[in-house]
Amino acid sequence: MCGIVGYIGDKEVQPILLAGLKRLEYRGYDSSGIAVILPKKNNIGIRKSPGKISVLEKLVKNKPLGGTVGIAHTRWATHGAPTQVNAHPHHDCSGQIAIVHNGIIENYESLKAQLIEEGHAFAGQTDTEVIAHLIEKFYKNIPLEEAVAKALKLLTGSFAIGVVAAREPDKLVGARLGSPLIVGVGKGENFLASDVPAVLGFTKEVVFLDENEIVVLDKDNFKVSNLEGKTIFKETTRINWDIDQAEKSGFDHFMLKEINEQPRILESLINSRIDKETGKIFFKEQNIPETRFKDVKNIFIVACGTAYHAGLVAKYALESVCGISTQIDVSSEFRYRDLLIGPQTLVIAISQSGETADTLAGVREAKRRGSSVISICNVLGSTLTRESDGIIYTHAGPEIGVASTKAYTAQLAALYLFAFYLAQIRDVLPAAKIKKLLDELRKVPKYQVEILKLQKSIATLARRHSHLGSFLYLGRNVNYPSALEGALKLKEISYIPAEGYAAGEMKHGPIALIDEYRAVVCIAPSSKVYEKMVSNIQEIRSRKGRIIAIATEGDKEIKELTREVIYVPKIDEIFSPLLVVLPLQLLAYHIAVKRGCDVDQPRNLAKSVTVE
């Protein structure tokens, strides 16, 4: 939800800021801009524009900004339309202070009214401008960071900010509350950013800022303190991602690249979590004592979007494998319910970024009630991982495509492993049974490779159906969540209305929609509910519905019912979501490409939702 980049050093700042913005464009792409300190002019130069970063690139090519200190922003609009005047950076009345901001200032209207009464003039409609004018108000005979701290104490809401001032041209200030912000530590240069990919091309040493922390950077040092000015020691973390992981590597889109990365990621994830000699599952980052897991009476999963669908699959697995009652809520609902949770409840929080606002709020509420929290997360050092009792990293690498693909299957694999880990600890399954399940799980990457060999035929099938006005996705049991995820992917990147349903609910309403003008994607691999899925397909066929089936290799019955079949290898039913999701992802991708949609940056969406 918006991307921030800042740089201070000896190099020309403009190309560095643009490079960082490009790697953060998945966070927002309504508008963008840069601000550079012009020391010879004792001023700040600003260039900004609505539209994607490519528009900004043309602007600064024609009107370059020369300097070695600056901030930049790519926006996902909240307050104020994505116009030139509302684009970041914003400045104060004098033009001597510039700011970029991610988050929402909830009390901005009252603050703005007060500032206007005091004589401040506002140019746009954003909440961010309030921060610039508050800093101006306090920035008299004190350092910039002290003025920033005074301003932030008046704010209600969430923020990550970067600030520069012409009066102190060798200083860059950042601060955060509720929105992520990191420091990239270089040699003779330092960076500020919303996320790691922005700095990967320049340094792998980063510092993760915590809530209510301010950082002051010059080209050689950085200093972190709280809002009261007390210095806080921060350790640097070395990031093991390569810059290549944040590039397309020859693929047409990041999404397609990330779909094809899934077998490798899962193979690494699975093998790194199972001891080869003992067959025991282990999680190095998991700090919850095993005795605590033995006392767990119920499990509650909290997540949003695609992560929520991974949690739904996990509910089936946890109840089936561990025999523990498991509930799941979308995070935005979890925190507002009268929750019946306590010390014997284990809360599993799932978030790719580890910065999802609603999930973080749910975790804080769960901890307040005494529950243990374990997080399934991809981003090292994110807020969620720092606030959880235990962590399971998915190690999927940076996911740049806004529509999640590899993060989803990595979350699923981690959740399966955790279910078997609990089963081992609680001694609820024979060791031989767990070994058999783990052996089957190890086959998944190889089977995914086989599915990816079908990409050309799936693309052809997708193009044949790309003109249809809506889609219905049906699945049962452990693949009901797969239906939800397939529908979400199509909606996200092609803008075609799509609904996912439990197939047993078809006759309770959705059957009224079926005709020759829409497609029905039926997820029907070999399973204990297979015959019921076949009955659903027959009902659709009798109403002239256009059926696309996902079925197990060798299934002749499905072939008699529809010519549009995508086959997946045979696997234990519990793991079938890890296979059927690849055709669903590829189907959505190729339909979107055929319709000319921006696959990696679909309209109105951002990768990480860091505000409510």
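Strand 21, residues 471–475, and strand 23, residues 519–524, run parallel and are joined by 4 bridges. Within that pair, Tyr-473 sits opposite Val-521 of strand 23. When I number helices and strands, I mean DSSP runs counted from the N terminus, with helices being H or I of at least four residues and strands being E of at least two. Two strands count as paired if DSSP finds at least two bridges between them.

A word on the source: this is a predicted model, in which local features need pLDDT of at least 70, side-chain atom pairs count only at pLDDT 80 or more, and totals for chains, interfaces and linings use all residues. Residues are numbered from 1 along each chain as its sequence is written, and side-chain values use heavy atoms, with hydrogens and water left out.

Back to the sheet. Strands 21 and 23 belong to an open sheet of 5 strands, in the order 22-21-23-24-25, with parallel pairing. Strand 22 (498–502) and strand 25 (565–568) are at the edges with a single partner strand each, so one side of each has no neighbour in the sheet. From one strand to the next, the twist averages 15°. Angles here run from 0 to 180 degrees between N-to-C directions, and axes are lines fitted to C-alpha atoms, for helices over the stretch in contact.

Which strands does helix 16 touch? Helix 16, residues 455–465, packs on this sheet against strand 21, strand 23, strand 24 (546–552) and strand 25, and its direction makes about 160° with that of strand 24. Contact means heavy atoms within 4.5 Å. Helix 17, residues 480–494, lies across strands 21, 22 and 23, and runs at about 180° to strand 22.

Next, the other open sheet. It has 7 strands in the order 5-6-7-8-12-13-14, and the pairing is antiparallel. Its edge strands are strand 5 (90–91) and strand 14 (231–232), each pairing on one side only. Strand 14 pairs with strand 13, residues 222–226, in the antiparallel sense over 2 bridges, and there Val-224 has Ile-232 as its bridge partner. Helix 4 packs on this sheet, touching strand 5, strand 6 (97–105) and strand 7 (157–165), with its direction at about 130° to that of strand 6.

Just ahead of that sheet's edge is a peptide bond to note. His-88 and Pro-89 are joined by a cis peptide bond, with omega about 5°. Pro-89 is in the loop between strand 4 (69–75) and strand 5.

Helix 4 also has a helix partner. Helix 3 (residues 108–117) and helix 4 (residues 128–138) pack at about 45°, with their axes 10 Å apart. The two are therefore oblique to each other; angles under 35 degrees count as roughly parallel, over 145 as roughly antiparallel, 65 to 115 as roughly perpendicular, and the rest as oblique. On the helix 3 side the contact has Tyr-108, Leu-111, Lys-112, Gln-114 and Leu-115, and on the helix 4 side Val-130, His-133, Leu-134 and Lys-137. These residues divide into 5 nonpolar, 2 polar and 2 charged. The classes are Ala, Val, Leu, Ile, Met, Phe, Trp, Tyr, Cys and Pro as nonpolar, Asp, Glu, Lys and Arg as charged, and the others, Gly among them, as polar.

Lys-137 also takes part in a salt bridge with Glu-118, at 3.2 Å from N to O. Glu-118 is in the loop between helix 3 and helix 4, Lys-137 is in helix 4, and they are 19 residues apart. The structure holds 34 salt bridges, a salt bridge being a side-chain nitrogen of Lys or Arg within 4 Å of a carboxyl oxygen of Asp or Glu.

Helix 7 is the next item. The axes of helix 7 (residues 262–273) and helix 15 (residues 444–452) come within 8 Å and cross at roughly 180°, and the pair is therefore roughly antiparallel. Their contact has 7 nonpolar, 2 polar and 1 charged residues. With helix 13 (residues 406–426), the axis of helix 7 comes within 10 Å and the crossing is roughly 20°, so these two are roughly parallel.

Last, the hairpin. Strand 2 (residues 31–38) and strand 3 (residues 43–50) pair in the antiparallel sense over 8 bridges, with Gly-33 opposite Lys-48. In the loop between these strands, Asn-42 has a positive phi near 50°. Most residues other than glycine have a negative phi.
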